[in-house]
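Subject: A structure for you, with some notes

Hello,

Here is the structure I promised to pass on. Please open it first and keep it beside you while you read the notes below.

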Amino acid sequence: MATELNSKCENYVEVDRISNLPDPLICHILSFLPTKQSVATSILSTRWKSLWTMVPALDFKDTEKPDQRYNDNNNRMTFIHFVCGVLAVRKPVPLKKFKLQLISPNQSIHFHVRAWIYYAIRHGVEEIDVRLFLRRPFELPQCVFSCKSLEIMTLYGMVVLNCHSESVHLPKVKHLRLLKVKYANEDSFYSLLTGSPHLQKLSVWTDQQDDTMTLNICHPTVEWLSAIIEAQDHRFKLKINVPSLKFLNLVDSIFQYDLMNNVVKVTFDLFEDEQQASDLENYRHLLGPLADAQTLTLQYAKSPCFDFTLPMLNNLRSLQLQVRCCLWHLLPNLLESAPNLVNLIINKEDTKGPHELSWTQPLHVPKCLELRIQRISLLQFKSLEHEVELVKYILKNANVLERMDILTGLSDLEESHHIFKIISDLPRGSSVDF
């Protein structure tokens, strides 16, 4: 019996199922590997010797610092030689994806990067991802702005965009990621957007290290927008006019906005400095255009005096409030302004304190709490006095609450049981489960 089993195992091991797959399928599998690993498969057998030359994706990555690279006594090829060698012997098959991630102090590297991008464009690239960390900025070749096959473009780091409206024609581009890139002028960004008529997703991250003072995001078809603004100059202004927008993620260090949208899902990360701590009009200006939002995630680092009336958020169904420990001053106003809220999540991201700020219940019970809210989640709950007061108020007035999740994040089971005992003894307005 044992001999028969061993014989079956040996036969099973000898079967090379992957090599029996058709070439296109193997090349598709190899396309998920970095090119260096894909090339390495050539040593497996004669069957694999040239398969990597037909892979429809190229992924080159060299992110080691110069002093960590192989030294002169090593016979291994340099990164430049490797990339050029791969492109020289690769079969002329269509290229779906070209990815380049590079750290280099080499002054001549611009010539090679430009040649590699030209190669990708000539071979009908559909997705291009270039992340550069160079000594001086690299200006993106003009051929990229008229690539008819390009659908997704990601640019990160020391990349300069210098284009004009008449030179940009990207008919298939649906997703743009422009992360910490530089703009030769303010028109370059706008021209790139207008030259991409079918754009659906846009990610922008700017640290304003150039002379750009206005970022105008204006597009009729964009549905998904993520913008991270790290502007140092308070004169910098972000203009957003995207009528088809359904999702917005906005992380900003300033409050200069023009926002005209009907959005479905919104994330706001607000950071304030002492100079703007009392400027309540900025908050009203930010939240005012979000009247049609269905899902809202609101995060703020500090809590000013939110003593103003928020706009009515009649379509809001789900609200997630991410705050520093105990800084939930805005919660009563939000509940009052969202009469149809169904799902509420409160996440305390910093539980170390200070804890002197407390929950202050509104003058009357918000309509959503009394008639609509069905599920509430409290994350990082530590049973502080004002936290218990908040839970007590919710349980007492949430008449249709179906479920309440309270996560302590504590490893101490005894303390967790103590918290559960406190909550279990609180009066409830519904037969809610914990």
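Which element gives the most to the lining of the second largest cavity? That is helix 3, with three residues. Before going further, please bear in mind that this is a predicted model.

**The cavity**

Searching the whole structure turns up two cavities of 30 Å³ or more. The second largest of them holds about 40 Å³ of space. Its lining is made up of Leu-30, Leu-33, Thr-35, Ser-38, Val-39, Trp-52, Val-55, Ala-57 and Leu-58. Two elements each give two or more residues to this lining: helix 3, which covers 35–40, and strand 1, which covers 57–62. By residue type, the lining has seven nonpolar and two polar residues, with no charged ones.

While you are in this part of the model, have a look at Thr-53, in the loop between helix 3 and strand 1. Is Thr-53 buried or exposed? Its relative accessibility is 5%, so Thr-53 counts as buried. Leaving aside neighbours within four places in sequence, Thr-53 is in contact with Val-89, Arg-90, Lys-91 and Val-93.

**The chain as a whole**

To give you some orientation, the chain has eleven helices and 20 strands. It runs to 434 residues, and 46% of them are buried. Among contacts with a separation of 6 or more, 61% are between residues 24 or more positions apart.

**Aromatic rings**

How many aromatic pairs does the structure hold? There are seven. One of them is formed by Tyr-156 and Trp-205, an edge-to-face pair with 6.2 Å from centre to centre and 70° between the planes. Tyr-156 belongs to strand 5 (residues 152–157) and Trp-205 to strand 9 (residues 201–206), so this pair ties together parts that are 49 residues apart in sequence. Tyr-156 counts as buried because its relative accessibility is 18%, which is under the 20% cut-off.

Why is the pair of Trp-224 and Phe-247 stacked? The ring centres are 5.2 Å apart and the planes meet at 15°, and planes under 30 degrees apart count as stacked. This pair also links distant parts of the chain, as Trp-224 is in strand 11 (residues 224–229) and Phe-247 is in strand 13 (residues 247–252), 23 residues apart. Trp-224 is partly exposed at 28% relative accessibility, whereas Phe-247 is buried at 16%.

Trp-224 has another partner to look for: Lys-201 lies over the face of its ring, 4.8 Å from the ring centre. Elsewhere, Phe-60, Phe-82 and Phe-98 form one aromatic cluster.

**Strand 7 and the loop after it**

His-175 sits in strand 7 (residues 175–179). With a relative accessible area of 10%, His-175 is buried. What is His-175 in contact with, leaving aside its neighbours within four places in sequence? The residues are Glu-151, Ile-152, Met-153, Leu-199, Lys-201, Leu-202 and Ser-203. You will recognise Lys-201 as the residue over the face of Trp-224.

Lys-180 is in the loop between strand 7 and strand 8 (182–183). Although Lys-180 is not a glycine, it has a positive phi of about 60°. Lys-180 is partly exposed, with a relative accessible area of 24%.

**Two more loops to visit**

You will find Lys-246 in the loop between strand 12 (237–241) and strand 13. Lys-246 is partly exposed, at 45% relative accessibility. From C-alpha to C-alpha, Lys-246 and Asp-292 are 10.0 Å apart in space, with their places 46 residues apart in sequence counted as separation.

Asn-315 is in the loop between strand 16 (295–300) and strand 17 (318–324). At 30% relative accessibility, Asn-315 is partly exposed. Asn-315 and Gln-294 are 21 residues apart in sequence, and their C-alpha atoms are 5.3 Å apart in space. Beyond its neighbours within four places in sequence, Asn-315 is in contact with Ala-291, Asp-292, Ala-293 and Gln-294. Asp-292 is thus named twice here, once with Lys-246 and once with Asn-315.

Enjoy looking around, and do write back with any questions.

Best wishes

Terms used: Residues numbered from 1 in each chain as written. Predicted model: local features only at pLDDT ≥ 70, side-chain atom pairs only at ≥ 80, totals over all residues. Heavy atoms only, no water. 1 Å grid on protein atoms, 1.4 Å probe; cavity = no way out; pocket = protein on both sides within 12 Å on 5 of 7 lines; lining within 4 Å. Points joined across faces, edges and corners; volume = space filled by probe spheres on them. Helix = DSSP H or I, 4+ residues; strand = E, 2+ residues; numbered from the N terminus. Nonpolar A, V, L, I, M, F, W, Y, C, P; charged D, E, K, R; others polar. Phe/Tyr/Trp six-rings, centres within 6.5 Å; stacked < 30°, edge-to-face > 60°. Buried < 20%, exposed > 50% of the residue type's maximum accessible area, 1.4 Å probe, protein only. Lys NZ or Arg CZ within 6 Å of the ring centre and 35° of its normal. Contact = heavy atoms within 4.5 Å.
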